[in-house]
Number of protein chains: 2
Amino acid sequence: MDPLASLDFTKSGGLVTAIAVDDATGEVLMVAAMNEQTLRMTLEKGEAVYWSRSRGVWHKGEQSGHTQRVKSLWLDCDGDVVLLRVEQRGGGACHTGKRSCFFRKLEDGRWVDVGEQVFDPAQVYGR
Amino acid sequence: MDPLASLDFTKSGGLVTAIAVDDATGEVLMVAAMNEQTLRMTLEKGEAVYWSRSRGVWHKGEQSGHTQRVKSLWLDCDGDVVLLRVEQRGGGACHTGKRSCFFRKLEDGRWVDVGEQVFDPAQVYGR
């Protein structure tokens, strides 16, 4: 059976939520979306391919080299979220150069940047 | 400044994605949504309160006792996903009685249930 038949793409207009987790540390790196096409591309390539409302098919890291090698794929109970355990090339998933997109922590009512800077976005993406 | 001013509720019709992670192990437990109201309730109560399209305000575990004590709150780079590190009372976040909603792993093209059963949903939710 096609494993994608277990997914529910109807709740968000053809999209499922996709979470990327660092396979080595378990840290949540980022959250994006996939449609059926980009999930199939992800399985074929073995690298995360998301769907972005602004850019369409988004093979993450294609330009920067900071691709995400998929080590395992997981599905939630109601089939509308996939979780990818990945090897993050370049060490950081976030366009800001942080390891994780979740680098802001709420402390005493304000967001504090506690993220680790692992690359310089100006160098990776150019100006 | 109101920390919620850093959030972008506009992308998904008043909702942000909310990820609950086990604070002790780092395991991703579940993914749901919050609106501004339930995020404020979460901060006030110190327990996860989600927004469900079907049930509205959803104070998770209110009936079962399996609440999620919020240990820390994190925000992603573009402000449309919050991550909660929680203490999961009762040991399991999923309505199936599994520890995590992500209990299906893709192996050789099919989903395999590898999740740990931590409670009996028939006992917890009644019949």
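Confidence comes first: in this predicted model, chain A averages a pLDDT of 95, and 99% of its residues score at least 70. For the complex, the predictor reports an ipTM of 0.95 together with a pTM of 0.96.

Chain A is built from 8 strands and 2 helices. Reading from the N terminus, the order is β-β-α-β-β-β-β-β-β-α. With a radius of gyration of 15 Å, close to the 14 Å that the globule rule gives for 127 residues, chain A is as compact as a globular protein of that length. The C-alpha trace of chain A spans about 45 × 35 × 30 Å along its principal axes. Some 40% of the 127 residues of chain A count as buried. As for how far along the sequence the contacts reach, take those in chain A between residues at least 6 apart: 41% of them join residues at least 24 apart.

Moving to the interior, the largest nonpolar core has 64 residues, and the members that touch the most others are Ile19, Val82 and Leu84 of chain A and Ile19, Val82 and Leu84 of chain B. In soluble globular proteins, nonpolar side chains tend to be buried together. Leu84(B) shows what such a neighbourhood looks like. Leaving aside residues up to four places away in sequence, Leu84(B) touches Ala18(B), Ile19(B), Ala20(B), Val21(B), Ala48(B), Val70(B) and Leu73(B).

Strand β6(B) is a good place to follow the sheet of chain B. Since 7 of its 8 residues are buried, β6(B) is largely enclosed by the rest of the structure. The strand pairs with β1(B) in the parallel sense, through 6 bridges, and Val21(B) has Arg85(B) in β6(B) as its bridge partner. With β5(B) the pairing of β6(B) is antiparallel and runs over 7 bridges; here Arg69(B) is bridged to Glu87(B) in β6(B). The hairpin of β5(B) and β6(B) has 5 residues between the strands, and Gly79(B) in that hairpin takes a positive phi near 75°.

Next, the contact between the chains. Each side is made of 29 residues, that is, 29 residues from chain B and 29 residues from chain A. On the chain B side, at least two residues each come from β1 (16-22), β2 (28-34), β5 (68-75), β6 (81-88), β7 (104-107) and β8 (110-113). The largest share of that side, 4 residues, belongs to β5(B). By residue class, the side of chain B that touches chain A holds 17 nonpolar, 7 polar and 5 charged residues.

Strand pairing also crosses from one chain to the other. β5 (residues 68-75) of chain A pairs with β7(B) in the antiparallel sense over 2 bridges, where Trp74(A) has Lys105(B) as its bridge partner. Going the other way, β7(A) and β5(B) are antiparallel too, again over 2 bridges, and Lys105(A) stands opposite Trp74(B) in β5(B).

Within chain A, β7 (residues 104-107) is also paired with β8 (residues 110-113), in the antiparallel sense and over 4 bridges. Lys105(A) turns up here as well, with Val112(A) in β8(A) as its bridge partner. Trp111(A) sits in strand β8 of chain A and is partly exposed, having 19 other C-beta atoms within 10 Å. Its contacts involve both chains: beyond four places away in sequence, Trp111(A) touches Arg104(A) and Leu106(A), plus Pro3(B), Ser6(B) and Leu75(B).

That leaves the turn. β7(A) and β8(A) make a hairpin with 2 residues between them. Asp108(A), in the loop between β7 and β8 of chain A, has a positive phi of about 50° although it is not a glycine. Because just 6 other C-beta atoms lie within 10 Å, Asp108(A) is exposed. In chain B, Asp108(B) lies in the loop between β7 and β8, and this non-glycine residue likewise has a positive phi of about 50°. Asp108(B) counts as exposed, with 6 C-beta neighbours inside 10 Å.

Terms used. Residues numbered from 1 in each chain as written. Chains lettered and ligands numbered in written order. Predicted model: local features only at pLDDT ≥ 70, side-chain atom pairs only at ≥ 80, totals over all residues. Contact = placed C-beta atoms within 7 Å. Nonpolar A, V, L, I, M, F, W, Y, C, P; charged D, E, K, R; others polar. Pairing = 2+ DSSP bridges. Rg over C-alpha atoms; globule rule 2.2 N^0.38 Å. Buried ≥ 20, exposed ≤ 12 C-beta atoms within 10 Å, placed from the backbone. pLDDT = per-residue confidence, 0-100. Core = buried A, V, L, I, M, F, W, Y, C linked by C-beta atoms within 7 Å.
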